[in-house]
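The exercises below ask you to read a structure step by step, with a worked solution after each task. Try each task on the coordinates before you turn to its solution.

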Amino acid sequence: MQVNKIEKNIAKAEYTTTAVKPDQFPTNGWPEVAFVGRSNVGKSSLINALVNRKKLARTSQHPGKTRTINFFNIEDRLYFVDLPGYGYAKVSKSESAKWGQMVDGYLQDRPQLKHIFLLMDIRHEPSAMDKQIHEWCVHYHLPYSIIATKSDKIKKSQVPKHLAVIRKTLGEEQPPLPFSSESWEGREELWEVIDTVCAK
C-alpha cells in the first residue's frame, strides 16, 4: 500500500558512537528511544525512514548485522538507539548470551532511556524471543510500544487480522502500530510518540 509521505523536516541526523559497555555510552544526558527486535525485522530501515535518510543506519540482507549498540544524534536533542537483533540461528549461543547481557544492561540501567520500540514482523506470529522481551518489558515496568514492521508486504485487507494475532499472542489491549519503511505508513504516528515521550 502506498500512502502520502508526511515530511517531517529532520535537519540533523548522524551517527554518534558504537558501544558494547556502559562507559562507551554518550554522556550529555539527551533523552533516548531504543529500537529492538529480532534480526532482519527492519530496525535500520525504520530508523532511516523516520529521519528521511537512506543510509544513516546500515541495512543488510544478512540477519545479525548489528552486533553493537549504535547511537544516532537526532537534531542535537535526542538519540535513536539501534540495539542488536536477536534470535538468529547462525550466531553462537555464547555470542547470543553476550548480546543479551549487553542489551539487558542498557535497557535496565539507562536513566536517559525514555521509550522502547519493540519491532515485530507483521507477517508472522511473535516468536518465543519476541514474547520473552515483551514479558521482560512488562515485568520491569519499562515504557514500550509495539511496532508491526513491513506492513507493505501484505494486502491492506489483511493488516487488521495480522495485527490482531500479534495483540492476542502478547496479551495486549491495543493492537500494534503498523509501519512500512517503503510507504512510510505509521511514520507520523511514531514521531508523535517520540516527541511526546522525549518532552517529559
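**Exercise 1. Find the salt-bridge partner of Asp195, and state which parts of the chain the pair ties together.**

Solution. In this predicted model, the partner of Asp195 is Arg77, and the closest N and O atoms of the two are 2.9 Å apart. Next, place both residues in the secondary structure: Asp195 belongs to helix H5 (residues 187-198), whereas Arg77 sits in the loop between strand S3 (69-74) and S4, so the salt bridge ties together parts that are 118 residues apart in sequence. Finally, check the accessibility of each partner. Asp195 has 29% relative accessibility and therefore counts as partly exposed, and Arg77, at 35%, is likewise classed as partly exposed.

**Exercise 2. State how many salt bridges the structure holds, and decide whether Asp121 and Arg123 are buried or partly exposed.**

Solution. The structure holds six salt bridges. In one of them the side chains of Asp121 and Arg123 meet, with an N to O distance of 2.8 Å. To classify the two residues, apply the cut-off by which buried means under 20% relative accessible area. Asp121 has a relative accessible area of 10% and is therefore buried, while Arg123, at 34% relative accessibility, is partly exposed. A further salt bridge joins Asp152 to Lys153, where the closest N and O atoms are 4.0 Å apart; here Asp152, with a relative accessible area of 22%, is partly exposed. Salt bridges with shared partners also link Lys12, Glu14 and Asp76 into one network.

**Exercise 3. Determine which residues of strand S2 lie on each of its sides and whether these faces are covered, then identify the strands with which S2 pairs.**

Solution. Begin with the general pattern: side chains in a regular strand alternate between the two faces of the sheet. In S2, Glu32, Ala34 and Val36 lie on one side, Val33, Phe35 and Gly37 lie on the other, and all of these are buried, which leaves both faces covered. This agrees with the count for the strand, which spans residues 32-37 and has six of its six residues buried. The pairing comes next. S2 runs parallel to strand S4 (residues 78-82), to which four bridges join it, and within S4 it is Val81 that serves as the bridge partner of Ala34. With strand S5 (residues 113-121), S2 pairs in the parallel sense over six bridges, and the partner of Glu32 in S5 is Leu113.

**Exercise 4. Locate Leu56 and Ser151 relative to the helices and strands, and list the contacts of each beyond its neighbours in sequence.**

Solution. Leu56 is found in the loop between helix H1 (43-51) and S3, and its relative accessible area of 14% makes it buried. Once neighbours within four places in sequence are set aside, Leu56 is in contact with Ala13, Glu14, Tyr15, Ile47, Asn48, Val51 and Phe72. For Tyr15, the C-alpha separation from Leu56 is 6.8 Å, although the two residues are 41 residues apart along the chain.

Ser151 lies in the loop between strand S6 (144-149) and helix H4 (159-170), and with 3% relative accessibility it counts as buried. Leaving out residues up to four places away in sequence, Ser151 touches Ile122, Val159, Pro178, Phe179, Ser180 and Glu185.

**Exercise 5. Summarise the fold of the chain, and state where the pLDDT is below 50.**

Solution. The chain has five helices and seven strands, and along the sequence these follow the pattern β-β-α-β-β-α-β-α-β-α-β-α. Of its 200 residues, 47% count as buried. If one takes the contacts between residues at least 6 apart in sequence, 74% of them join residues at least 24 apart. The accessible surface comes to about 10,700 Å², and carbon and sulfur atoms account for 48% of this. A search of the whole structure finds zero disulfides; as for individual cysteines, Cys137 is buried at 0% relative accessibility, and Cys198 counts as buried at 14%.

The last step concerns confidence. The mean pLDDT of the chain is 87, with 86% of the residues at 70 or more. Over residues 1-6, however, the pLDDT is below 50, and this stretch has 14 contacts in the model beyond near neighbours in sequence. Residues 60-65 also have a pLDDT below 50, with nine such contacts in the model.

Key:
Residues numbered from 1 in each chain as written. Predicted model: local features only at pLDDT ≥ 70, side-chain atom pairs only at ≥ 80, totals over all residues. Heavy atoms only, no water. pLDDT = per-residue confidence, 0-100. Contact = heavy atoms within 4.5 Å. Buried < 20%, exposed > 50% of the residue type's maximum accessible area, 1.4 Å probe, protein only. Helix = DSSP H or I, 4+ residues; strand = E, 2+ residues; numbered from the N terminus. Pairing = 2+ DSSP bridges. Areas by Shrake-Rupley, 256 points an atom, 1.4 Å probe, with all protein chains shown as cover. Disulfide = S-S within 2.5 Å.
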